[in-house]
2 protein chains.
Amino acid sequence: MPRNKEKVNLVFQPSGRQGGVVPGLSILDAARSLGEEMETPCGGLQGCGKCKVRVAHGDYAQWEIESRVEHAGPRQAVEEELLAPEELASGFRLACVAAVQGDMVVHIPDESRRGRQVISKQARVNHFPAKPAIRTYRIDVSPSDLENPMADWERANQAMAAHGDLAGADWDLAALRDLPIALRRGNGRICLDVRMNREVIRARQNDQRRLLGLALDLGSTSMAVYLCDLNSGEIVATASGMNPQCKYGDDVVSRISYHQMNPGGLDEMRKAVVEAVNALADQTLAELNATVTGRDLSREDILDMTLCGNAVMQQIILGIDPEPLGVLPFTPVKRGSISIKARDIGIRINPGASVMVMPMPAGYVGGDIVAALVGQSEAMQDGPSLLVDIGTNGEVVLAHGGRLWCTSCATGPALEGAQISFGMRAAEGAIERVRIDPATLEVDYKVIGHPHWRSQWSTEAIRVRGICGSGIIEATAQLFLSDLIAANGAMRKTSPSKRLVINPQNGMPAFVLAWADETRLGKDLTISQKDVRQIQLAKAALNTGCHYLLQRIENDGTLQSVRIAGSFGAHIDHEMAMVLGMLPAIAAERIANVGNAAGEGCCAALLNTDMRRSCDRLAEEMQYIELTLEPDFAHQLAQATLLPSNK
Amino acid sequence: MPRNKEKVNLVFQPSGRQGGVVPGLSILDAARSLGEEMETPCGGLQGCGKCKVRVAHGDYAQWEIESRVEHAGPRQAVEEELLAPEELASGFRLACVAAVQGDMVVHIPDESRRGRQVISKQARVNHFPAKPAIRTYRIDVSPSDLENPMADWERANQAMAAHGDLAGADWDLAALRDLPIALRRGNGRICLDVRMNREVIRARQNDQRRLLGLALDLGSTSMAVYLCDLNSGEIVATASGMNPQCKYGDDVVSRISYHQMNPGGLDEMRKAVVEAVNALADQTLAELNATVTGRDLSREDILDMTLCGNAVMQQIILGIDPEPLGVLPFTPVKRGSISIKARDIGIRINPGASVMVMPMPAGYVGGDIVAALVGQSEAMQDGPSLLVDIGTNGEVVLAHGGRLWCTSCATGPALEGAQISFGMRAAEGAIERVRIDPATLEVDYKVIGHPHWRSQWSTEAIRVRGICGSGIIEATAQLFLSDLIAANGAMRKTSPSKRLVINPQNGMPAFVLAWADETRLGKDLTISQKDVRQIQLAKAALNTGCHYLLQRIENDGTLQSVRIAGSFGAHIDHEMAMVLGMLPAIAAERIANVGNAAGEGCCAALLNTDMRRSCDRLAEEMQYIELTLEPDFAHQLAQATLLPSNK
């Protein structure tokens, strides 16, 4: 290991990552600086207690390290608060609290390590009607000679006059840079790629290059890019990955905090995500070039881009202060769509290309829901219809009679697996499905990354790491159906099953979903009374949001359909959601998963300028309902925490 | 010295610069990579023989170097051609030819080192009528609340509606980034800085900040920036320096070659000059902030910019291929002015600021002459008038009867001191004035950087390094007046004065201006027959250009004035220029030095949008005369090489 006198040397286990860091950093910051990824749902703000680590005490000759527990400094009050007594006894520390003061070997337990999330951002539609913003014009430019010397631009402009549409078009600097080269290589016969007939963005030799565009669906957790052929309207390649901003916190509130607490934090987060977008774009190009129709296409051939995400994601990638999105009245910078040059935010596609950033109707009703809506709005025209997108917030749109209402429900992060005892995101090792036999109270479950239910495992050495949103919902619904939970959410305290346990600390009951030997946790994985309360709050928030939207059309029709967008919709069991009363009463067959509707809408807007106009129009028309302003909101929400009696 | 096995170690003397370089580089490239500056009038293209160096042979324990002459490889044919026999005998090599193959101590003789040029880019006018492109609007933005939630931009836009001028104005991303912060800091009362009433480029708290602008006069050799107050119209600070592109060659042709021969060379040159501009801008800000009226002004407060230079300089800083400017018919990318965002070329002023790049009427009639003209055109309205700007090319404009003709004369670099035996640029140590007593042929001269003539020196240890353009012109004129040169330019071969010497190699005469002991050259500084021929060609080119322009108005008036712009105009002795017949016949008092007219015009355009429109109009009106197309051009040029008989 390279030694450095001013730095202290760290080794992380089990990854084996090592390196020197400046003393005084928190172990978490040290881990980040060495590329070690840890779970930090709160963004390292000493709020969640998830970044547990253990510092080894001993001499490690192989790394020339004498690791001492005291090298992490004395234990702090916040650690005593957030860590369980047995964890404190075992020497656990919080990585966000403990400071690096000397050489250390740091063990990161499995539950603190970041799993690779399963990303389901695949578009289900692969072809859209094309009416792209970029059109190509072939022009013949007369030569310049000494008798009649004319500059390049003036000659090109003269030739463009033949195309009346182009009168007065601007030239981007990128196109001006192309022009002398294209003119001379092409002997005056050149192609101009023109945006909205208003701006020449590329000049090139007259050839048959494919025009590409990029749609970006930017989630707080995961992101996906879709490389599209602007003329055929096809998605030609896709790539997805984690949003690297996760290391600054799991939800938008933590990201806003990171920006507030760290000078330069906004730019740091912006650059992180932009680099990831660039890498994904390259990945799609490589994929396309590996196909028969691909070949030598490059970043330069990506001439247009659209982008959707929640308002915080959109403002961060634009480098716009997201702070007002985090405080009442949750104000976005602009309701309408924003068009900028891709280069101005560091996205490395054609230097003349623009990015259309989706409109943001409200602070918590972002561009992603507009993008989701634009592809669904036609199908939603027949009778009252709801579009639901559940993330850390639930965003809901009601369409009826040509009008649109929208709201955001503070479902909280529980449905994504956070603030749940053993909660985690939908990543490998997470329980995603649960069945409980009402008679025996025996449990069966399914783990992400493995095709079979627990009961069908043979010799698999699968070990559970936690439970994700859909798992928690199913577990809660199954406990309710098994009468282990009452309609008010109270868990039974006695049961013949040994799976019902009582927490000796607080006397509260919990239900064991997986025994210690089935997990990588070293202990039983349980659903606690507190977890059930979290789910009740989340489902109540969503239900209440739908309630107030439907109130707008009370005497005007019956709900015809509910469309669930996003990866949550892909995992959730509609029956179980109905059991819990998450959604308004509707027949299960009228609930549809519409998959990654946001990504598809983003592609549609990329490929069709009419769709872009629709996005702006929809955002303009969407009437935002702030739930907390409804006079009986508190009462309604409390009511909605109850589980339905008609189970 | 840090050792590196893959690199070889060089020490340059007398500077003492040292470092490791990759073997195989030319000594010149090695010098560049270590920041050592050398004279390279030809741009390192093995054409001028000015980059003479000597490799030491010996052991230098202090640097752990064994320097060997053979480490520079065998002598090449081009060196035998360009170096004098005695130089070859003394072991001189050309830095652009000799390759680094092992450790070396390299001596750079004084004449090969780059002197610091005396820059006379001071504007003579310090105040211009202000009608800036940037206007500030104060607006009161209504708050957003939960009952009526509106996004920031929509609220600002509503407030802007009160200013009819601003309807439909675009917002730069920079201003959009400012907006949420300004709104919240200013409690809704904010200032918008708007460009041409069309684009909001900055949003800020309502305060009284000064709005600044930057004008850049970008010469091939030197450059100057003028920091101006956009509202008062004053130049508040200036700074000037060398154009760092000089290391890629002294003239525009060498720079074009550097781009052609080096992949990435264009961007390298662009970045070099942009960094220098940024540094000069910072220098002016520091100067302003040190004054009473200054204080906390920063780059962010520079909201607008104009830029002028010859067409090659303008295209390089824009990153536009300058190659077509170097070949017939010398085509610029665009005749009209070009407006781009400063950030798109890396200039670090306010991120929303634009740069107006001056129009380029022709490949060799650049934005600098347009800028020079815009300030002079009013004064030139009374009768035929010439504006002359002499650099490596002479650019001449004739104004008469509301019409404009322009041309470029291939004066060559002789008037700037290049291609002259002992020529150098107007830098410290250069002879700039010369007097020769016709009776005794004794010489008196004045050296740049010293206030007194040679004859008035007492104990000064001044040593001459070379002779610059004005010195050569004076010397030639004085030799002509002393009858040492005939009207056809032939030098006498005999004279009683020991200053007339005959070159033993070619039998040609030369005249000693400074004896070896007065110089740092180790030999006599002479004006040779060849030098006189160069001056004849240069003055003939200029005279011929004026001739053909004046032919356009032959029967229509007598020349009323000649205005000489640029630093050459500041140094030149009008009488001597007339003696040589450089300019058309006119009374000496009708010749005016107009100083740095280009820089002043650039400031005028920065501060006044009417002036910008005038620039475009002037460039549009200027009728370019290509001299080589004139039927009797060759004859006329030959005639003009003669010296006037009416001396």
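In chain A of this predicted model, strands β19 (residues 394-400) and β20 (residues 403-409) pair in the antiparallel sense over seven bridges. A good point of entry to this pairing is A:V397, which stands opposite A:C406 in β20(A). The two strands form a hairpin with two residues between them, and within the turn A:G401 has a positive phi of about 55 degrees. Of the seven residues in β20(A), six are buried, and the strand is thus described as mostly covered. β20(A) also has strand β29 (residues 623-624) of chain A as a partner, this time in the parallel sense and over two bridges. In that pairing A:W405 stands opposite A:Q623 of β29(A). Taken together, β20(A) pairs with β19(A) in the antiparallel sense and with β29(A) in the parallel sense.

Strand β27 of chain A, which spans residues 561-565, offers a second view of the strands in this chain. Five of its five residues are buried. Burial extends to both faces of β27(A): A:S561, A:R563 and A:A565 lie on one side, while A:V562 and A:I564 lie on the other. A charged residue, A:R563, is thus found among the buried residues of this strand. β27(A) pairs in the parallel sense with strand β18 (residues 385-390) of chain A, over five bridges. Here A:L386 stands opposite A:V562 in β27(A). Strand β28 (residues 591-595) of chain A also pairs with β27(A), again in the parallel sense, and this pairing has four bridges. A:I564 of β27(A) stands opposite A:N593 in β28(A). Both A:V562, which stands opposite A:L386, and A:I564, which stands opposite A:N593, belong to one and the same face of the strand.

Turning to chain B, helix α6 covers residues 252-261 and is mostly covered, with seven of its 10 residues buried. The buried residues of α6(B) are B:V252, B:S254, B:R255, B:I256, B:S257, B:Y258 and B:H259. Their cover includes three helices of chain B, namely α1 (27-33), α7 (265-289) and α8 (311-318).

The two chains also meet each other. Chain A brings 39 residues to the contact, and chain B likewise brings 39 residues. About 3300 Å² is buried between chain A and chain B, and carbon and sulfur atoms give 68% of this area. On the side of chain A, the residues that lose the most area to chain B are A:L146, A:L173 and A:R177, which together account for 19% of what that side buries.

Polar groups take part in the interface as well. Between chain A and chain B there are two salt bridges. One joins the side chains of A:R343 and B:D344, at 2.7 Å from N to O. Across the interface, 14 residue pairs are in polar contact, with both residues at pLDDT 80 or more. The elements of chain A that give two or more residues to the side touching chain B are α4 (152-160), α5 (173-185) and β16 (338-341). Of these, α5(A) gives the most, with six residues. By class, this side of chain A has 21 nonpolar, four polar and 14 charged residues.

Technical notes: Residues numbered from 1 in each chain as written. Chains lettered and ligands numbered in written order. Predicted model: local features only at pLDDT ≥ 70, side-chain atom pairs only at ≥ 80, totals over all residues. Heavy atoms only, no water. Contact = heavy atoms within 4.5 Å. Buried area = accessible area lost by both parts, 1.4 Å probe. Salt bridge = Lys/Arg side-chain N within 4 Å of Asp/Glu carboxyl O. Polar contact = N/O pair within 3.5 Å; in protein donor to acceptor, adjacent residues only side chain to side chain. Buried < 20%, exposed > 50% of the residue type's maximum accessible area, 1.4 Å probe, protein only. Pairing = 2+ DSSP bridges.
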